[in-house]
Amino acid sequence: MDDGKPVWAPHPTDGFQLGMIVDIGADTLTIEPVSHRGKTFLAPISQVFPAEDDVNKHVEDNCSLMYLNEATLLNNVRVRYSKDMIYTFVANILIAVNPYYDIPKLYAPETIKSYQGRSLGTLPPHVYAIADKAYRDMKVLKMSQSIIVSGESGAGKTENTKFVLRYLTTSYGTGQDIDERIVEANPLLEAFGNAKTVRNNNSSRFGKFVEIHFNEKNAVVGGFVSHYLLEKSRICMQSSDERNYHIFYRLCAGASEDIKNMLHLNSPDNFRYLNRGCTRYFASKDSDKQIMQNRKSPEQMKVGALRDPQLDDVGDFNRMCIAMKKIGLDDTEKLNLFRVVAGVLHLGNIDFEETGSTSGGCVLKNQSNQTLQYCAELLGLDQDDLRVSLTTRVMLTTSGGTKGTVIKIVVAGGQDRSSPDNAMMGYVVEAKIVFMTLVYIHMFWVIIQDKKIIILEIISYLSKYESFKMGMQMFIDLNLCFRVIESLDL
Ligand SMILES: Nc1ncnc2c1ncn2[C@@H]1O[C@H](COP(=O)(O)OP(=O)(O)OP(=O)(O)O)[C@@H](O)[C@H]1O
C-alpha cells in the first residue's frame with residue numbers, strides 16, 4: 001500500500017470506508033476519507049486493505065477482483081446488491097444477500113430453464129447454478145452431493161433451500177406428483193416449526209437435513225427431511241414481540257366455524273401459551289376482513305394485524321390444508337393433528353393449587369375442570385388418567401422394573417406463579433410443560449418423519465405391479481439405487 005492509493009479503512013458503522021493514505025507510521029496509517037477530505041484519522045495497518053481502482057465496478061466472481069480481501073469482497077457484494085444482483089460467486093461458493101422484496105423474473109420458470117445443464121460461471125451467479133452443478137456432478141461422478149446453506153437468522157437460508165428444491169424438481173423431476181409433494185412438504189413444516197421472531201417473521205426454529213433422491217435415470221423420485229433441535233421452550237413461552245409456532249394462530253384464524261367449535265378455540269389472548277407473546281395475526285387488508293372479530297385479540301383490535309408480504313395466517317392455513325392433502329393426509333388425519341394442536345393450547349390453561357392436606361401434593365383448581373375435559377377429549381385421553389398424570393410422577397429405581405413409585409407433585413411453595421419465570425419453577429407446571437412439550441414434539445416428529453413423502457412415492461412407483469412384494473423384488477433385480485443430493489439448512 002502506497003501513499004495516495006485508495007484503501008478501505010475501518011468505519012464504526014459501515015464496516016469500511018474508502019480513503020487515501022496520507023502518512024505511513026510504524027504500526028498505523030494516516031487515512032483521509034474520500035467522503036471527508038481534510039479530516040484524517042489513524043488506523044492500524046492490519047485493518048486497512050487495498051481498494052480496487054474503480055470501486056463502483058463489480059464482478060460476478062469475487063475471485064476476479066484485483067485485490068481479494070474482506071473489504072473488496074463486501075464492496076463488490078454491496079455494489080451488486082444495489083443493482084438487484086443479490087448473488088455473487090466466490091469460485092463455487094455462492095454468496096446471497098437477502099433483498100427482502102421480490103426481484104422480477106429472478107426465479108421465473110424461464111430462468112430455471114436457462115440454467116439447466118449450464119456450467120458454473122457461464123451465466124450470472126444464481127442459486128440455480130449451484131443446484132445444477134450439484135446435479136451434474138452427481139450424474140458424472142456417480143456420488144452423492146451436498147449443498148450447505150448457512151447464515152444468520154433471516155439471511156435467506158430457508159428461501160434459498162426452497163429455490164433449490166423447486167429447481168431440482170422442476171428441471172429433473174419425473175413430472176409426477178412426487179415433485180409437487182417434495183415442494184409442498186415445506187408449508188407444512190413451516191407451520192409447525194416456524195415462528196415470528198424479532199429478526200425474522202418466518203424464522204425456522206429447527207435444523208433441517210433435506211435429502212432429494214434420484215433413480216438410475218437421474219430423475220427425482222423421492223425426498224426425505226430429518227430435523228433436529230426444535231426450539232421447545234417456544235411452545236410455552238415467547239418474548240413480548242415474538243409468537244409461538246404459526247400453526248396455533250393459523251388454526252385460530254383460519255379454521256372453519258365447525259372445527260373452531262369442535263376444538264373449543266378462541267382468540268389467541270385466551271391461551272396462556274400464546275398471550276405472553278404477540279397475539280396478532282399476519283393478515284393483509286383483505287384477509288383481515290375475513291377473520292371474525294371474536295377470533296381477534298384486543299391487541300390486534302387496537303393496533304391491527306401484522307403485515308408481511310409472504311405471510312397470511314388465513315391464506316397460509318388454507319395452503320397448509322392443501323399441502324396436507326398433497327402429501328397424503330386424509331381429513332381424519334388432518335383433524336387429528338388439529339386436535340393435538342388445540343389440546344396443547346388448552347393444556348396451557350390448566351391451573352393447580354396445593355391440596356393443603358398433610359399428605360402434600362396438589363390438585364387442579366376447580367375452574368380448570370372444563371379445560372381438563374377439553375384436553376382429554378382432544379388428546380383422546382381418559383380425563384381421570386390425565387388428571388393423575390399431571391399431578392403425580394412415577395419414579396423408577398435404577399434396577400428397573402415396570403411399576404415404580406407414584407410420587408405426588410407439589411406446586412412450588414411460596415412462589416408467585418403468575419410470573420412465567422416462577423411458574424416454570426413450579427414442579428407441577430414443569431410436569432405439565434414436559435407433557436405438553438412431548439405431545440407437540442411427538443406431533444412434529446410425526447409430521448416430519450411421516451415417511452409418506454418417500455414411502456408413498458415408492459408405493460406409487462410400484463403400483464403398476466401386482467403387489468408390493470413383487471415390486472420390491474423388481475426393485476432389487478433392477479439394482480435400482482438412489483443417489484442423493486443433500487441440502488443442509490442449518
Ligand atoms: N431471495 C429472496 N427474495 C426475496 N425475499 C427473500 C429472499 N430470501 C429471503 N427473503 C425474505 O426474508 C425472509 C427471511 O428469510 P428466511 O426465512 O429464508 O431466513 P433464514 O435464514 O431461513 O432465517 P432463520 O434462520 O431465522 O430461519 C423471508 O421470509 C423472505 O421474506
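These exercises, each with a worked solution, explore a predicted model of one protein chain and its ligand.

**Exercise 1. The chain as a whole**

Find how many helices and strands the chain has, and what share of its residues count as buried.

*Solution.*
Step 1. Start with the secondary structure. The chain holds 18 helices and 17 strands.
Step 2. Turn to burial. The chain has 490 residues, and 47% of them count as buried.
Step 3. Look at the surface. About 24,600 Å² is exposed, and carbon and sulfur atoms supply 55% of that area.
Step 4. Check the contacts. Take those between residues at least 6 apart in sequence: 57% of them join residues at least 24 apart.

**Exercise 2. The nonpolar cores**

State which residues of the largest nonpolar core touch the most other members.

*Solution.*
Step 1. Recall a general tendency. In soluble globular proteins, nonpolar side chains tend to be buried together.
Step 2. Pick out the residues. The largest nonpolar core has 72 residues, and Phe192, Phe248, Met320 and Phe338 touch the most other members.
Step 3. Ask which helix gives the largest share of this core. Helix H3, residues 127-141, supplies eight residues.
Step 4. Zoom in on Phe338. Beyond its neighbours within four places in sequence, Phe338 contacts Ile247, Leu251, Leu263, Phe317, Met320, Cys321 and Met324.
Step 5. Look for another core. One of 10 residues lies apart from the largest core, and Leu347, Cys362, Cys375 and Ala376 are among its members.

**Exercise 3. The shell around the ligand**

Describe the residues around the ligand and their polar contacts with the ligand.

*Solution.*
Step 1. Find the nearest residues. The ligand has 20 residues around it, and Asn98, Ser153, Thr158, Ser203 and Ser204 come nearest.
Step 2. Sort the shell by type. Seven residues are nonpolar, 10 are polar and three are charged.
Step 3. Trace the shell to its elements. Helix H4 (157-172) and strand E10 (203-204) each give at least two residues. The largest share, four residues, comes from H4.
Step 4. Read off the distances. The side chain of Tyr107 has an N or O atom 2.8 Å from a nitrogen atom of the ligand. A polar backbone atom of Gly156 is 3.0 Å from a ligand oxygen atom. For Lys157, a polar side-chain atom lies 2.8 Å from an oxygen atom of the ligand.
Step 5. Judge how covered the ligand is. Alone, the ligand exposes 630 Å², and the protein buries 94% of that.

**Exercise 4. Three residues compared**

Decide for Arg234, Asn160 and Lys105: buried or exposed?

*Solution.*
Step 1. Set the cut-offs. Buried means under 20% relative accessible area, and exposed means over 50%.
Step 2. Take Arg234. This residue sits in the loop between strand E12 (220-228) and helix H6 (246-254). Its relative accessible area is 4%, so Arg234 is buried. Leaving out neighbours within four places in sequence, its contacts include Ala195, Arg205, Glu242 and Tyr245.
Step 3. Take Asn160. This residue belongs to helix H4. Its relative accessible area is 13%, so Asn160 is buried too. Its side chain makes a polar contact of 2.5 Å with the side chain of Tyr87. Not counting residues up to four places away in sequence, Asn160 touches Tyr87, Ala96 and Val127.
Step 4. Take Lys105. This residue is in the loop between strand E7 (93-96) and helix H2 (109-115). Its relative accessibility is 60%, so Lys105 counts as exposed. Setting aside residues up to four places away in sequence, Lys105 touches Glu110 and Thr111.
Step 5. Add a distance. Lys105 and Leu263 are 158 residues apart in sequence, and their C-alpha atoms are 43 Å apart in space.

Notes
Residues numbered from 1 in each chain as written. Predicted model: local features only at pLDDT ≥ 70, side-chain atom pairs only at ≥ 80, totals over all residues. Heavy atoms only, no water. Near = heavy atom within 4 Å. Polar contact = N/O pair within 3.5 Å; in protein donor to acceptor, adjacent residues only side chain to side chain. Areas by Shrake-Rupley, 256 points an atom, 1.4 Å probe, with all protein chains shown as cover. Nonpolar A, V, L, I, M, F, W, Y, C, P; charged D, E, K, R; others polar. Buried < 20%, exposed > 50% of the residue type's maximum accessible area, 1.4 Å probe, protein only. Contact = heavy atoms within 4.5 Å. Core = buried A, V, L, I, M, F, W, Y, C linked by side-chain atoms within 4.5 Å.
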